[in-house]
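User: I've got a model open and I'd like to learn how to read it. Can you walk me through it?

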Amino acid sequence: MTQRMLVSIACGILFGIGLVVSDMVNPARVLAFLDVTGNWDPSLALVMGGALIPSSIAYAIRRRCSRPVFETQFHVPTSRMIDRPLVAGAALFGLGWGLVGLCPGPAIASLVTGRWEAALFVAAMLAGMFVHRMVSSRQTVAARS
């Protein structure tokens, strides 16, 4: 296994542990955070705010480096355009988060809890990704014809 893969796995495990420790894998806590007119739980705002610290540090380091340690280039989005796919994806993400209290990262991390709801969410997410890939590849083929 390459160093790049090992570092990726270690980062994923660290991220998952952070999600579990911060209780972002608990749909009830997430839904309480989103319930701003009822019994609002602001604790996840602190988690999100705290996430800005390492993210800001990483972006500051990125500006000073010509390339990552285990990669040939940085993979950072360059487009700042707000288009239909971006808005649709954000809306779909928000609906899922608001209805179920899970989003992709915490859903995958919550698989370790053995809860069937998490497994169902991840299965539905993977099915949606598969359908999207099939539809978009067909649209690409049709556009080339």
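Analyst: Sure. Let's start with a term: a helix here is a DSSP run of H or I with at least four residues, while a strand is a run of E with at least two. Keep in mind that this is a predicted model.

User: How many helices and strands does the protein have?

Analyst: There are 6 helices and 0 strands. Reading from the N terminus, the order is α-α-α-α-α-α. The C-alpha trace spans about 50 × 40 × 35 Å along its principal axes.

User: What share of the residues is buried?

Analyst: Buried means under 20% relative accessible area. In this protein, 17% of the 145 residues fit that. As for the accessible surface, the total is about 11200 Å², and carbon and sulfur atoms supply 69% of it.

User: Which residues make up the largest nonpolar core?

Analyst: A core like this is a set of buried nonpolar residues joined through side-chain atoms within 4.5 Å. Here it has 9 members: L19, M24, V25, V30, F33, L44, W97, C103 and A109. There's also a second, separate core of 5 residues, including L102, A107, F121 and V122.

User: Back to M24: which residues does M24 touch?

Analyst: Leaving out residues up to four places away in sequence, M24 touches L19, V30, L44, V47, W97 and P106. For the protein as a whole, take the contacts with a separation of 6 or more: 40% of them join residues 24 or more positions apart.

User: And how many positive and negative side chains are there?

Analyst: You'll find 12 positive and 6 negative ones, with the centres of the two sets 16 Å apart.

Technical notes
Residues numbered from 1 in each chain as written. Predicted model: local features only at pLDDT ≥ 70, side-chain atom pairs only at ≥ 80, totals over all residues. Heavy atoms only, no water. Buried < 20%, exposed > 50% of the residue type's maximum accessible area, 1.4 Å probe, protein only. Contact = heavy atoms within 4.5 Å. Areas by Shrake-Rupley, 256 points an atom, 1.4 Å probe, with all protein chains shown as cover. Lys, Arg positive; Asp, Glu negative; His and termini not counted. Charge placed at Lys NZ, Arg CZ, Asp CG, Glu CD.
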